[in-house]
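Let's take a walk through this model together, going from the backbone of the fold out to its loops. Have the sequence and the 3D view at hand as you read.

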Amino acid sequence: MFTLSARAALSVEEQVLSTAWSFAQHMPRATEAGGMLIGHQPQDTTDLVLDRLTIPQPTDQRSRFRFRRSQEAHQELLDLYWMASARTRTYLGEWHTHPEDVPVPSAIDRKSWKKALAETVAFHRMGLLFMIVGRTITRIWYGASADSFPILIAEFPTGELNEQTPETRDPIHDAAYNSHAEASGLHETD
Ligand SMILES: [Zn+2]
């Protein structure tokens, strides 16, 4: 559990981290990856539970130092999670990887986080989470509004690739993962 504010805590499910960590840029030519953070707010609390994420899609733009998430493909996955969860799983923020040990948000990151906060604050009663997976450290920031820079709320070692057992797989993630596999195929031909 991590502290969001005096009255709110964040819990992060291991599956979210193990999936994000599988994209950590350990290899010299590995490109940045990212997606949406998805979760829910337990009833009658101001807490957040981060328990889903989207992973890179074929329409994303990925390079060693840049990740540009395509809106449409990730929104479709978010909609699937929303429907499959009886409308409880919702957009909680953004994640991406960095090819550095301890991730520091770039000027572009700061700008895009501010934009995401400005766009969602009107209808989103909770703030947004921003996670960057570095090669040795993973960090999570929490932004309550577009007026101030998100606060660093969590920092922990980036783990190893964790193969998921069939029991814990979920079909939406698998579909996303399969399309990722195709995208990787394209990258390898470059
Ligand atoms: Zn970045």
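One definition helps before we start: a residue counts as buried if 20 or more other C-beta atoms lie within 10 Å of its own, and as exposed if 12 or fewer do. Keep in mind, too, that this is a predicted model.

Now look at the loop between strand 3 and strand 4, where you will find Asp-44. Asp-44 has 6 other C-beta atoms within 10 Å, so it is exposed. Its phi is near 60 degrees, which is a positive value in a residue other than glycine. The two strands on either side of that loop, strand 3 (residues 34–40) and strand 4 (residues 48–53), pair with each other in the antiparallel sense over four bridges. If you would like a landmark in this pairing, Ile-38 stands opposite Arg-52 of strand 4.

Step back and the wider sheet comes into view. Eight strands make up an open sheet with mixed pairing, in the order 1-2-4-3-7-8-9-10. Strand 1 (2–5) and strand 10 (151–157) are at the edges with a single partner strand each, so one side of each has no neighbour in the sheet. On average, neighbouring strands here are turned by 30 degrees against each other, direction ignored.

Two helices lie across this sheet. Helix 1 (residues 14–21) lies across strand 2 (8–12), strand 4, strand 7 (90–97) and strand 8, at about 45 degrees to strand 4. Helix 2 lies across strand 3, strand 4 and strand 7, running at about 20 degrees to strand 3.

Which residues of helix 2 are buried? They are His-74, Leu-77 and Tyr-81. Viewed down the helix axis, these buried residues fall within an arc of 60 degrees, so they line one face of helix 2. An α-helix has 3.6 residues a turn, so residues three or four places apart point the same way. On the other side of helix 2, Gln-71, Glu-72, Glu-76, Asp-79 and Met-83 are exposed.

Follow the chain just past helix 2 and you meet Ala-86, with a positive phi of about 55 degrees. Ala-86 sits in the loop between helix 2 and strand 7. With 7 other C-beta atoms within 10 Å, Ala-86 is exposed.

Finally, turn to the interior. The largest nonpolar core has 33 residues, and those with the most contacts inside it are Leu-37, Leu-92, Leu-129 and Met-131. Strand 8 (residues 128–133) gives the largest share of this core, six residues. Leaving aside neighbours within four places in sequence, Leu-129 is in contact with Leu-37, Leu-50, Leu-92, Gly-93, Ile-140 and Tyr-142.

Note on methods:
Residues are numbered from 1 along each chain as its sequence is written. This is a predicted model: local features need pLDDT of at least 70, side-chain atom pairs count only at pLDDT 80 or more; totals for chains, interfaces and linings use all residues. The arc is that of the directions from the helix axis to the C-beta atoms. A nonpolar core is a set of buried Ala, Val, Leu, Ile, Met, Phe, Trp, Tyr and Cys residues joined through C-beta atoms within 7 Å. Two residues are in contact if their C-beta atoms, placed from the backbone, lie within 7 Å. Two strands pair if DSSP finds at least two bridges between them. Axes are lines fitted to C-alpha atoms, for helices over the stretch in contact, and angles run from 0 to 180 degrees between N-to-C directions.
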